Amino acid sequence: MIGREDELAELLGALDSLGPGGQVVVVEGEPGIGKTTLVDGLASLATERGLQVIRCAGSEGQLDVGFAAVHELLHPLLGAASNLPARHRHALLTAFGELDGGQPDPLLINLAALGLLEDAASSRPLVVVVEDLHWVDRSSIVVLDFVARRLGNAPILMVATLRPAVGGLTTLPSAGSALRLEPLDDARAADLVAHFRPLLPDRLRERVVAEAAGNPLAIREFSTVLAGKDADRILLPARLPTSRRLEQSFLGDFASLPDASRQLLLLASADDARASLPELLLAGRDLGITVDDLGPIEHSRLVSVHRDHVVFGHPLVRSAVYGAASTSERAAAHRRLAAVSGDPVRAVSHRAAATLTKDEAVAAELAAMADTARLRGALPEAVAALRRAAVLSPAPADRIHRLAVAAEYAREAGAAAEARDILDEILPVAESAADINLLVTTETMLAMTDGMPARGLDELLVVAAGLQAPSRAETLMLRTRALGSVVARAWTMGADDELVERIRESARQLVAAEDGLLQRIVLTLADPVSQAPTIRPQLAQVYDGIKEAALVDGRERDPGTSQYLAFMQRVAESVHDLVTARRAADDYLTFNQDAGTASDEATALQARSMILLLAGELAGALADCEQSIRLSEMTGSPRTAAASAAVAALVHALRGASTEALHRVRDADELSGRHEHALISTRARWAAGLVAMGEGRYSDAWLELSRVSSHPSTALWALADRVEAGVRTGRTDAVRVLVAQAEEQAEALGAPFVWAIVHRARAILAEGTDAEEHYLRSIEEARRAQAPFEAARSQLALGEWLRRRRRIVDARVHLKAALSEFEQVGAVGLVDRTAAELRAAGSKRAPSPASKNAPDVAGNLTPQELQIAQLAASGLSNKEIADQVYLSHRTVGAHLYRAFPKLGVTTRAQLAYLFRPDAAHETA
């Protein structure tokens, strides 16, 4: 360890400082600088201390093999896979090709890897060594980065070595610290020369120090070279980079080898030492290569044989040999390796590397390899295979189709920028209607969930109208799906009035061409007010038909048909059928939980959270929001996170938690990139308006609530709050117009929930007994809509109105009913406001003990702790909870460990009683 004592001491310090949590260190440096020597020294000392060490190494030849590095890393731990939650275990073993099944969610694979590492570190600290991070396959990089971000619950030291600026990777995105290995100074370099060649004359020792420039590998190699005669002719020009001079020194030995040995070495370099020696000999049999030809390259120290594999003395040897060969020589080597490879994936990779011209057969093999990679959850490798297949595709249509699929796979993998690059390349030239439709869908999803730039809706309208397929039925389906994407994006993100009318006209033309169920549903989302009288009364039955068209036995009937459920949730919201909207959101969530698609699960949770909020299920809404935000952050969907943050802000505002509400409003603004997004901005502004009203800042409330109109559904839900802010700031005429417009919509929609809000708004505007009549009708309509929280808000307003008119007895009736509901849902701010009104009305009623505890429980715990505690109270084990909430089972345990003292409990039985008093007999 000459010259690296300080660096080794730094790594040992990191090891010694491991507590309950772990650390990550990335060791950076140029080739030969001593990275491997350093981590080998750390591993040896850790083993001597009784610690467990596991390791893997990236390989340039395995960049196209998904999860290759992480499989090597976790292989010693797979015996403990049975301890993982069921979905985590199945996902990991499917990724490793040890189980067959549906495509595993990458997030579950990540969690399984984290779980295995945490389990391994539960008895003694664990050292994880990842060599040559720059050559680790992309799927493994995703896993390693995920793990590196979440070492807070286990004593794990992860050390990775990295050669910067190779393969585009500069470090793990989440690396905790970087340890840069600099060249040795002259004194330490001279010590190292003396170690390798103690008898080397001083003159030559000085030449080695000067030529090697402080690089330990160069010092070793140049010392060996100079031990021979004629040293002055052997040394290379100093103007070359050290790595190039090292390669040239290796090639000096290569040139002196027999031809058959050189051919054998080229075959090994073409396979990056993945092929076994028998395979290499078989590949070179027609060249006359035998096992005897291995001797010269072993004697020259270029390679060694470990078991039955050829291992290069250093990666630079392999790159030097491979780079010295001509293009035709490399292609021939890959063809020979493809012919003998027992691994289908490697065989296809070799055939692709050997193919220098367009070749549909090889392109088709690569496309099939991409499908296999996707089924294993290796989406980055699937994208790479499809992009290579596109390059080799002779037909332009095949090339575009493969790139269109690659764009969608990249989106699913969370690689939004790569998906956008592919879209930019092929959007102008795509001609196939099916490909165009897929591109529109991918582009729309990127815009709505990731905030990526997308073509304008007006342009997409033209695209949708121009789609043509061989049959009329296929043409109609493609146009319906494409227009559905346009309508969904307009409903979610907003559009100006002129564009909205154009979208509606396109939807009307679609229905005129074929008045089918899907076409009518698209028109309903485009123009809910006009379609509601026809659709709303039968929407529950329509939903049953759509669900049957989307799923069969819980699986998609055709690729992408699960999106019908999400579309129906939006349709139901647009006509304010909240019962059907809840069904659709629940079904979409269940499908994505079963399918393991975490990004779409986050979208489903976000959608359901708003419906729960409207129903007054505030704790459930907040739990959905927090889970959606966490999943969105994990899967790279910032706009989904922003939409959930906006709903979370509303929940906090209704509960009277102003600080938390404004915090989430800021999150929504920042995660959306501060770009206009109707669904996000309207709900965030509604929340900010509620906070302002709660603090008596009515002018600020009016300004905030004036910005909710860009999302029509949200504008209706916020109407009564907007009217209250307007009346309190003297804008009575303006809000009268708003109420009149809303009443017209309510007449067409026929939705009790909308009428409940409209009547409360009219009551706020009304004078005399008209106000009481509208409040009572609002309460009645809210109950018809199965919305007790909305009824309670009107009862509070009515109770306040009655008390101001000294009708104290009548006021108490409504205030007590409102207080009971607010206590039940944990709306602390409204509880305080209602209790104050009751005291002013002469009532001394105290909050009920049962409801009194609920806000305290929710308030003491973080949303995630509350969610986990509720699941534990229902009887689920830590592993079962982990399967539901996308955490490792040990992280679930850590959350419960923190939650128990906050709740004043010590056992799960006490937890069950706290959350479910009726279940006391079950746990007795």
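Helices (H or I, at least four residues) and strands (E, at least two) are DSSP runs, numbered from the N terminus. With that convention, the tour may start at serine 256, which lies in the loop between α11 (242–255) and α12 (259–270). The model is a predicted one, in which local features need pLDDT of at least 70 and side-chain atom pairs count only at pLDDT 80 or more, whereas totals for chains, interfaces and linings use all residues. Residues are numbered from 1 along each chain as its sequence is written, and side-chain values use heavy atoms, with hydrogens and water left out.

**Stop 1: serine 256**

Select serine 256 and display the surface. Buried means under 20% relative accessible area, exposed over 50%, and partly exposed in between (1.4 Å probe, protein chains only). Serine 256 counts as exposed because its relative accessibility is 60%. Then add leucine 78: the two residues are 178 residues apart in sequence, and their C-alpha atoms are 45 Å apart in space.

**Stop 2: the sheet**

Next, colour the strands. Two strands pair if DSSP finds at least two bridges between them. Five strands form an open sheet in the order β2-β3-β4-β1-β5, with parallel pairing. At its edges are β2 (52–57) and β5 (177–180), each of which pairs on one side only. From one strand to the next, the twist averages 20°; for such angles, axes are lines fitted to C-alpha atoms, for helices over the stretch in contact, and the angles run from 0 to 180 degrees between N-to-C directions.

Select β1 (residues 23–28) together with β4 (residues 156–162): they pair in the parallel sense over six bridges. Within this pair, glutamate 28 stands opposite leucine 162 in β4. Now add helix α1 (residues 5–16), which lies across β1, β3 (126–131), β4 and β5 and runs at about 150° to β4. Contact here means heavy atoms within 4.5 Å.

**Stop 3: phenylalanine 67 and helix α4**

Move to phenylalanine 67, in the loop between β2 and α3. Most residues other than glycine have a negative phi. Phenylalanine 67 has a positive phi of about 65° although it is not a glycine. Its relative accessible area is 3%, so phenylalanine 67 is buried.

Continue to helix α4 (residues 86–95), whose buried residues include His88, Leu92 and Leu93. Among the elements covering the buried residues of α4 are α3 (68–74), α5 (106–120), α18 (360–375) and α47 (878–885). Glycine 97, with a positive phi near 75°, follows α4.

**Stop 4: the nonpolar cores**

A nonpolar core is a set of buried Ala, Val, Leu, Ile, Met, Phe, Trp, Tyr and Cys residues joined through side-chain atoms within 4.5 Å. The largest core has 225 residues, and those with the most contacts inside it are Leu74 and Leu613. Helix α33 (residues 638–655) supplies the largest share of this core, eleven residues. Centre the view on leucine 613: leaving aside residues up to four places away in sequence, leucine 613 touches Leu618, Ala621, Val647, Leu650, Val651, Leu654 and Phe789. A second, separate core has 43 residues, including Leu184, Leu217, Ile289 and Leu294.

**Stop 5: histidine 576 and helix α30**

Select histidine 576, in the loop between α29 (563–574) and α30 (578–595). Is histidine 576 buried or exposed? Histidine 576 is buried, because its relative accessible area is 3%. A polar contact is a pair of N or O atoms within 3.5 Å; within protein, one must be able to donate a hydrogen and the other to accept it, and residues adjacent in sequence count only if both atoms are side-chain atoms. The side chain of histidine 576 makes such a contact with the side chain of tryptophan 717 (3.0 Å). Not counting residues up to four places away in sequence, histidine 576 also touches others, including Arg536, Ser713 and Leu749.

Helix α30 has 18 residues and reaches 25 Å from its first C-alpha to its last, close to the 26 Å expected at 1.5 Å a residue; the expected span is 1.5 Å times one less than the number of residues. Among the buried residues of α30 are Leu578, Asp587, Tyr588 and Phe591.

**Stop 6: arginine 806 and glutamate 837**

Arginine 806 lies in the loop between α42 (788–804) and α43 (808–825). Its phi is positive, about 60°, although arginine 806 is not a glycine. With a relative accessible area of 74%, arginine 806 is exposed.

Finish at glutamate 837 in helix α44 (residues 828–840). Glutamate 837 is buried, with a relative accessible area of 13%. Its side chain makes a polar contact with the side chain of arginine 803 (2.6 Å).
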